[in-house]
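Here are my notebook entries from an afternoon with this model. I kept them short, and I hope they are easy to follow alongside the viewer.

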Amino acid sequence: MIKKVLTTFICLSAPAIALAKVEYSYRGFLSAKGLYYTGDTHESQGQRHRAQFEQESRFSSDFIFVNQVRWSYSSLFTDISSTPSTDAKDTHEIFLGDNFFKYKSSSWVLQTGYQDVAWGEAFGFNYADIVNPKDSRETFYSDLSESRLPMFLVNFKYFFSDGSLQLIYSPEPKFSKGLPVNIYTSGVLTQTTITYIKEEDPKFFDEHEYGGKLSASFWGLDASLFYYTYLDRDPAYTLISATMSSVTLVESHDRIKSTGLSLAKTLFDNFVFRTDIVYTQDKEINSLTATGLISTPVNMTNMVVSLDSPTFNNFSGALVYANSTINEDLTDAIREKSQSYSIAKLSYDFGAEKIFDLSYTHEWSKGGHAVQGLLTWPINDSLDIRLGAENYWGKEDSQLYKLKNVSNVFFGIKNYFQL
Amino acid sequence: MKILSAFSVSFLMAANLLASDVDPNEIVKKADLRRGLGNTPHSFNVTITNQENKKEVYKVSFKDVNASLTEQTEPERARGRKLLMKDYDIWLYTQNIKKPLRISLEQKLTGEVANGDIARTNYAEDYDATILGVEKRGNNEFYKLELKAKNKKVTYGRIEYFVSKKDSIPMEATFFALSGKPLKRAAFSDFKPIQGLSRSTKMVITDYLQKDKVNTLIFSDHKPQKFDESIFNKDRLEF
């Protein structure tokens, strides 16, 4: 893996290095985070450390290479289930971050290489953020720039008056990274060891993903329509073998198609309304039937609406409502036909980018709850500290209760540098 | 007796002023040209230093009063943060979110230094002026002007503005919210020749209630510049 990253990094940055009259800049960050798990975990302490190094090579204001390498160490995957898991191990990962070249003309941009493409207007539930896979081990309070995993894309955008047309193509789909299955089954299969066989990311040109987005702004409204055909970022499972003491599952990621609409509108000058509606076809959903674990393709509709409040005495807030519905009736599915959540978020701005965020998430159908608090406190121009806590609880069959072992308090420090 | 005499001088000055054909909006327009390149397409840099010596650097692309783009280049944590103001719309882009985010109109006022202080420096285009009087400070006479917001897209509801009678050099301003609440005071200084005219390159902003909150804005690298229309397209912010 390290060899692949180094080779790709050198290949992508070679043209920049080879040519003269290029302006180089170097920057990055180092971050460390210590966590104390407050749930019923096998281990109570965890760590996450990260580093990122970026070289930007500027041939002109319109032609730029960006080469980025990321490193992460995590013990989150180690063991936050109630019982020891077979996949328990610390992870060191070195992978390519943003690695692309960008060419800009007056009316279009072409950006090719490993990059992020973020769609959608709403926050809290990023149903429209479908292009990049995510590191879902990061839970809710992670920077999107850290949980989004860059993928190789040919990204073309054409601009017209107050709008744009974007076309994207990927020859190398990638899958999201999830928490160990034991997290979700610890309350049910306490004496059973669960092993799951991951599906490897497809090789270059083995699979293809493509789609586009049409955006326009008018009458104080931002609107975009998008379509993307891709491999499901999340796995469906097939049961391979099962005994009283062990279960073996194999992952699969099938092709799905998403069509969506995003809107954002300023209301009464100081409120902002946002919504994303995404219709996904052929998503595989697991059901636990008398014959075993099966998966069935269904169509789903996901919708999120939110309202940002104005700032009053340095306080600001947002209300979010999200719903995910399986359009067909699926008996014995491992998730409910309809899942609804609400989020109430309050922020206090101390000034100089010192911010306290507090949010409460309520899961309507099964009575799950989550509370998260985060204090971000820049110490100086290059150093931030973060202090936070997240707690998940509720009825045992709720989705948020399943995350109870992720409940933690944490302290983090992040240092930015520029060479 | 002293009070009566000062009142008489002010009254005579005001009477004299009313008798003359002084256009307050022209005074503001001339004063604007002493603080920037006016309502013409240009770019400039702004360096802000606060009372804790923390520094922020912005690059501003100003097309006209209806379109401006501000990009933060320092500190490193905020590098690449962009704010696009276009008519009544404002979008924010950050490296973390990686998409343009529509934000409310009030966001132009957020922070000890408002986004409007950086990118909307043409008062003549945004406010209607009236002359409240003339005040003598030292050996110079200054118009005391009241600037009222023409519409909601401007940064402040009202500004009290002191401009030199002799050469339209701005001296100080007090900014008020739409509610009428005083927010902050600004003093203009460090006049330097830029594009053939002596213009202010320094603005010191002091919070009206918390006097220890002081931000110093240094304006530099003013250049007339023509921009591609697409740089003011919110979908281009991510590039």
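**Entry 1: the two chains**

I began with contacts in chain A between residues at least 6 apart in sequence, and 60% of them join residues at least 24 apart. I took two residues to be in contact if their C-beta atoms, placed from the backbone, lie within 7 Å. This is a predicted model, where local features need pLDDT of at least 70, side-chain atom pairs count only at pLDDT 80 or more, and totals for chains, interfaces and linings use all residues. Residues are numbered from 1 along each chain as its sequence is written, while chains are lettered from A and ligands numbered from 1 in the order in which they are written.

For chain B, I found that residues 24 or more positions apart account for 45% of the contacts with a separation of 6 or more. I looked up the secondary structure next: chain A has three helices and 21 strands, and chain B has four helices and 13 strands. Helices (H or I, at least four residues) and strands (E, at least two) are DSSP runs, numbered from the N terminus.

I then checked burial, calling a residue buried if 20 or more other C-beta atoms lie within 10 Å of its own, exposed if 12 or fewer, and partly exposed in between. Buried residues make up 33% of the 419 residues in chain A and 36% of the 239 residues in chain B.

**Entry 2: a helix in chain B**

Which residues of α2(B) are buried? In this helix, residues 24-32, I noted P24(B), I27(B), V28(B), A31(B) and D32(B). Seen down the axis of α2(B), they fall within an arc of 140 degrees (taken from the directions from the helix axis to the C-beta atoms), so they line one face of the helix. Their cover includes α4, β7, β8, β9 and β10 of chain B.

**Entry 3: the cores**

The largest nonpolar core has 49 residues, and V28(B) and V163(B) are among those that touch the most other members. Such a core is a set of buried Ala, Val, Leu, Ile, Met, Phe, Trp, Tyr and Cys residues joined through C-beta atoms within 7 Å. β8(B) gives this core its largest share, four residues. A second, separate core of 31 residues includes V117(A) and I343(A). Back in chain B, V163(B) touches I27(B) and A31(B), among others.

**Entry 4: strands in chain A**

I followed an open sheet of three strands, in the order β8-β12-β11 of chain A, with mixed pairing. Two strands pair if DSSP finds at least two bridges between them. The edge strands are β8(A) and β11(A). β8(A) and β12(A) pair in the parallel sense over five bridges, with V247(A) as the bridge partner of I194(A). Six bridges join β11(A) to β12(A), and these run antiparallel; here T238(A) has V250(A) as its partner.

How do the side chains alternate along β8(A)? I194(A) and Y196(A) point to one face and are buried, while T193(A), T195(A) and I197(A) point to the other and are not.

Last, I looked at β6(A) and β7(A), which form a hairpin with two residues between them. D162(A) in the turn has a positive phi of about 60 degrees. These strands pair in the antiparallel sense over seven bridges, and eight bridges join β7(A) to β9(A), also antiparallel. S164(A) is the bridge partner of F159(A) and stands opposite S215(A) in β9(A).

Key. Lists of a residue's contacts leave out its neighbours within four places in sequence.
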